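The following exercises introduce a single protein chain. Please work through each task before reading its solution.

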Number of protein chains: 2
Amino acid sequence: MKKSVLLILLLSFVLGLSAQTAKEEIFADVYRSGSNYYAYQIPEETSLTAAPAGYKPFYISTYQRHGSRFLTGKNDYSTPLNTLQEADKAGKLTPLGRKVMADLDSLNCMSRGRIGELTPLGAIQHTGVAKRMFTNFPDVFEGKALIDARSTIVIRCILSMMDECMQFKAMNPEIEVKNDASMHDMYYMNYDDSDILKLRELPQVKAAIKKFEKNHVHPERLMSSLFTDHAYVKQNINADQLMEKIFRVTGNMQSHKYQTTLNLYPIFTRQECYDLWCGNNLYWYINYGPSPLTKGAMPYLESNLLKNILDTADTCVVSRSHGATLRFGHDSCILPLAVLMDLGGFGKVINNPEDLADQWRNYKIIMMASNIQLIFYRNPESNDILVKALLNEHEVSMPVKTDIAPYYHWKDVEAYYRQKLATFKKTFYSKSHI
Amino acid sequence: MKKSVLLILLLSFVLGLSAQTAKEEIFADVYRSGSNYYAYQIPEETSLTAAPAGYKPFYISTYQRHGSRFLTGKNDYSTPLNTLQEADKAGKLTPLGRKVMADLDSLNCMSRGRIGELTPLGAIQHTGVAKRMFTNFPDVFEGKALIDARSTIVIRCILSMMDECMQFKAMNPEIEVKNDASMHDMYYMNYDDSDILKLRELPQVKAAIKKFEKNHVHPERLMSSLFTDHAYVKQNINADQLMEKIFRVTGNMQSHKYQTTLNLYPIFTRQECYDLWCGNNLYWYINYGPSPLTKGAMPYLESNLLKNILDTADTCVVSRSHGATLRFGHDSCILPLAVLMDLGGFGKVINNPEDLADQWRNYKIIMMASNIQLIFYRNPESNDILVKALLNEHEVSMPVKTDIAPYYHWKDVEAYYRQKLATFKKTFYSKSHI
C-alpha cells in the first residue's frame, strides 16, 4: 500500500497529476515561463526514501547542465535594443517603450565580452548541488573517493564543473578529482546526429509550429504599450519576433540576480507569459522530446551519452571502489536524455500540441544547473546492485518494473536501456525518414 | 655584507653568474633543451628569506602558465610522421627510422582529439604550486580569504586554474573562490598589440635568425641515421625542418610522463639538443624578450597585464582584506612579463645572438606551469607595504633600489613600473617603426 502511494507521488512530480495546471504554476511563479532560463530550484528539505536494509550508496553517475548564464546569441541583446532605438529616433516610443529601451541598453552593455558566460548566480548553483549530493550520500564521497569530472569544451560548463568539484574538495580534502574538458569526449558529451536532426525539417513540423504560434502569439497589446504609432509598427516592425526577442531577454534576467535588479516581466501580462511559454514548451517537445512530429527519434540524439553512462557504471560496479562520474553539459542534452531514459514519465507521447502544457513542462527538466543523478547502491551480502534516479534532486520513476520503488535493480534497468538503444539502432538507420 | 651576498645569489639564479654554462646545464639535464616544453621543476626545499620584523603577507598576485600539455599545432605530430611514412613506402628508412616512425605514430594516435590539451602531468603541477603557496604564506589564505581566479579562455588554462583552486579549498574549506574565464578579460590576460608585433617582420630580424640557424642547425647526422638513401633525402626532404619538427615532438614528450615511457631524445646527440635549443632560445629572445633586433618593444606586449597587476594590487592594499589574485595564461605572456618587470635580470639587453645562451635561458622562465608571484606584506604599525617577487618560486630581484632585498617597498616598485609604462606609451606610439 505504502509503495503505491509512493509511486503516485513519484509520477505526480512531473505528470498532469500534479495539483496545479501549467498555467496555475506559471501564474504562481512567472519565472517558470523562462523555460530553460528558469533558475535552479533548490528542492525543499524532503526526506529522500531510505535505501532497503543493508544497502549503501557507492557510486553516482550524473549529467548536469551549467548554471545560469548570459544569453548565447551574439545579437540576443542588441537586436531588440536596435529596433527600439530606431523607433526612438523616429519619435515613436511611448514612455514605457523608452524605459524598456534603457533596460535593454543596460543589459546589452553588461553582456559585452560575456555572451554565453556563466553569471555569478550560475557560479553558486553547482556549489549547492555538490553540497547536497555529498550530504545526502556521504558514503560515496568518503576517504579517497575518486571523482571523474568531465565537461563539454564550453567554458560555462567547465566553470560549473570547477565550482562543484571545489565544493567536494572543501568537504573532503582527500577526494581525488580527475578533470577533463576535451574534444575527445564530445561524441557523447554533446553529439549531433545529422540523420536525426534532419527530422526537424519535415513539413509537418513546420506546419504544426506555425499553426500553434498563430493561436498563441498575440503581440498587439505589447506593441501598443511600447510604440505610439500603429502604422509605424505595421510598416517597420516584425511584432511577433520583437515580442519573442524581448521575452527571451526577460526570461533570462533571473540569471542576473546578483548583478542587477532590472526586471522586464511587468511589461508582459501573465497570460502572455503563459502563451509564450506554451510555444517554447512545444519547441522543446518537438526538437528534443518524444514528439511524434519528429517520429520519436529526438531523444536518441543522446544514444552515445546513455551508452557511456551504462558502460561507465558497469566498470564502476565491478571495480569495488567508490566515487562519482560527473558530466557537465547542456539543456539540449539533458532534456533528450531524460526523455530517452523516460525519467518520471517524461517520455510520454502527446499527439495534440494543445494538450502538451498540462502533461509535459520543459521547466521541470531544463532549468539552469539542472541535473540527472543515478545513485548506485550495494549490499555486501548480495550481488544485486540497486539504482535510484534523481531529476533535479527529486526521486523519479524509471520505465522498468520494480518491487522496491524508487529503487530499481540495476540489471533490469541496464538490460532495458541497452535493448532500447539496440532496437533504435537496428530500425532507424535502415530506412529513409525524409 | 649579508645583503650583498643575497643580491648576488638572487642575480646568480638567472644570469651568467651561475656555476654552469647553458651547455653544461643541458648536458646535465637534456629535458631543458625542450625550452617551453620543459616540465615544471619543483624548487628544492630552500628557506625563503624571512620577512622583516612585524611584517606579514596578506596578498599574492600571480600570472601563471598552464601545466604540461600536448603540442598545440594540429599537424605537429602528423607532419613528421607523414614524412617518415612516405619514405618507408619508398623503402628508404633505416631500422632506427622505422622505430622513430612507430613512436611518432603512437604519439599521433594519443593526440587525437587532444591537441593543445593539458596532460595528466600538467594536471598535477598546479596542485603542487598551490600547496607550496599556501604552506609558505598561510596568512594570505587563512579564514575567509578571497581568491579571485581568472583564466584566459583556453581550456588547458581553465583546468590548471581548477586544479590550483581545488587545492586551496582542500587546505581551507572556508576560502572563497571567484572564478572566471572570459573574453572580457582577454585585453590583459593575453593581448596582441599589432603595432608591436609587426616589429617581428623587420628584415634584420629575419637575417639574424637565418644566419644563426646556418651556424647551429646540422641535420646531416640525424638524416643519415633515419634514412638509407642520401639522394632520396636531398630530393624529397627538407632536412632542417624535419629535424626541428621531430625535436619539437621530442622536447614535449616529457609532458606525457604519466601516459607513456616513449622517449625520442636518444636519437639526438646532446650537442644537437644544445644547438637546437640555442635557436629556440634566440627565437624567444627576439619575439618576446628584450632583443634590440625588435627594438626592445616586445616585453610591452604585456603592458595591459602589468597595469592590471598594479591596479589590482592598489585596490587590495587599500581594502585591508586578505587573499590572492590568480591569473592563468601562457608562456607567450609570462616571458615578456618577466622581461618587462626585469625580474632576476631577465630584462638584460644582449646584442650578439652568439652570446645569448650563457646570459639568458628561456627554460628558466617558461617551463610548463611556470609562474610569477608577487607577495605583499604589511605591518600593522606602519603604512609601508613591502613586496617580494618569485619566479617559479625562486626569490628574484626587481629593478628598484631596496634596503631590504629580496623585499622591496611597494611604493617604489609601483612608481617605477608605472613610469616605465608611461614612458613607452609616450615614445613608442608617436613614431613609425617599420
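**Exercise 1.** How much area does chain A expose, and what share of it do carbon and sulfur atoms supply?

*Solution.* The model is predicted. In this model, chain A exposes about 18200 Å². Carbon and sulfur atoms supply 54% of that area. As for burial, 58% of the 434 residues of chain A are buried.

**Exercise 2.** Determine how many helices and strands chain A has, and assess its compactness.

*Solution.* Chain A contains 16 helices and eight strands. Its radius of gyration is 23 Å, close to the 22 Å given by the globule rule for 434 residues, so chain A is as compact as a globular protein of that length. The C-alpha trace spans about 80 × 50 × 45 Å along the principal axes of chain A.

**Exercise 3.** What share of the contacts in chain A between residues at least 6 apart in sequence join residues at least 24 apart?

*Solution.* Of these contacts, 80% join residues at least 24 apart.

**Exercise 4.** Describe the surroundings of A:Met171, and decide whether this residue is buried, partly exposed or exposed.

*Solution.* Begin with the location: A:Met171 belongs to helix α6, which covers residues 155-171 of chain A. Next, consider accessibility. Partly exposed residues fall between the buried limit of under 20% and the exposed limit of over 50%. A:Met171 has 29% relative accessibility and therefore counts as partly exposed. Finally, examine the neighbours. Leaving aside residues up to four places away in sequence, A:Met171 touches A:Lys131, A:Phe134 and A:Thr135. The C-alpha atom of A:Met171 is separated by 9.6 Å from that of A:Ala130, 41 residues apart along the chain.

Key
Residues are numbered from 1 along each chain as its sequence is written. Chains are lettered from A and ligands numbered from 1 in the order in which they are written. This is a predicted model: local features need pLDDT of at least 70, side-chain atom pairs count only at pLDDT 80 or more; totals for chains, interfaces and linings use all residues. Side-chain values use heavy atoms; hydrogens and water are left out. Helices (H or I, at least four residues) and strands (E, at least two) are DSSP runs, numbered from the N terminus. The radius of gyration is taken over C-alpha atoms; the globule rule is 2.2 Å times the number of residues to the power 0.38. Buried means under 20% relative accessible area, exposed over 50%, partly exposed in between (1.4 Å probe, protein chains only). Contact means heavy atoms within 4.5 Å. Accessible areas come from the Shrake-Rupley method with a 1.4 Å probe; for residues, only the protein chains shown count as cover.
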